[in-house]
Amino acid sequence: MQFVIGGIKKSSLLDYPDKISAIVFTQGCNFNCGYCHNPDLLKTKSKKDIFNSDAFFDFLKKRHGKLDGVVITGGECTLQKDLKFFIEKIKELNFLVKLDTNGYKPEVIKELLTDNLIDYIAMDIKAPLEKYSLVTNTITDTSKIKESINLIMQSSIDYEFRTTILPSLLQYNDFEKIANLIKGAKKYYLQKFIVQSEINDPSLKQERNYTEEELIKIINLLKKYIQTAEIR
């Protein structure tokens, strides 16, 4: 199986809303966001450094009654060649599947939705479209981002959009642009930038965060466009 696992968390109460889940972190990402708190997952590791997928399924078989589902995150999981096969094996064991994605592979998202292989999807909205390359530090084809947003919003499964926020990258007017991009969405979360021991760009540790007053102002703006807008 061509599915590179960079890490596993055996149990979480936070990553799948109202569910107890195991988390699979995939290796490799096509973006290079400075605030990424999993920088060790950005590049592909050698085979000797990765987790065995068979061992994960052996673990999962023993977790019936203790876990509700599996969260597949990254890195960017839609880059994995055998993602569909990996999910099919999870579904055969009767677990729910939540997918975390940056939305850059709409063709993968479409196939998974069409085949009813995912139960919940969370997509990162990095910035308004004109700022995507600035935030991701890559040349970004934003038509793929728009396509993934449309696929998710038109799907029948539960979903959320989310954005990690730093004042140096996103200003007040940027949030209205994002809100228009996902207008009518069910759920949108602003994720505070949290300084961790490891982030992709250590210089960002000196950045200030939004104040509570500023965040409330942004949330009030977002609520004009989105059903549920909250701060995480």
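I will talk about the salt bridges in this predicted model, and about one network of them in particular.

A search of the whole structure gives 15 salt bridges. Among the residues they involve, Lys98, Asp100, Asp124, Lys126, Glu160, Arg162 and Arg232 are joined in a network, and I would like to go through three of the pairs within it.

Let me begin with arginine 162 and aspartate 100, whose closest N and O atoms lie 3.4 Å apart in a salt bridge. Because arginine 162 belongs to strand S6, residues 158-165, and aspartate 100 to strand S4, residues 96-101, this pair ties together parts of the chain that are 62 residues apart in sequence. Arginine 162 counts as buried, since its relative accessibility is 11%, and aspartate 100 is buried as well, with a relative accessible area of 7%.

The next pair is arginine 232 with glutamate 160, where the side chains meet in a salt bridge at 2.8 Å from N to O. Glutamate 160 is in strand S6, while arginine 232 sits in the segment after strand S8 (228-231), so the contact ties together parts that are 72 residues apart in sequence. How buried or exposed are these two partners? Arginine 232 counts as partly exposed, at 42% relative accessibility, whereas glutamate 160 is buried, with a relative accessible area of 1%.

Finally, aspartate 124 and lysine 126 form a salt bridge in which the closest N and O atoms are 3.8 Å apart, and here both aspartate 124 and lysine 126 are buried.

Methods
Residues numbered from 1 in each chain as written. Predicted model: local features only at pLDDT ≥ 70, side-chain atom pairs only at ≥ 80, totals over all residues. Heavy atoms only, no water. Salt bridge = Lys/Arg side-chain N within 4 Å of Asp/Glu carboxyl O. Helix = DSSP H or I, 4+ residues; strand = E, 2+ residues; numbered from the N terminus. Buried < 20%, exposed > 50% of the residue type's maximum accessible area, 1.4 Å probe, protein only.
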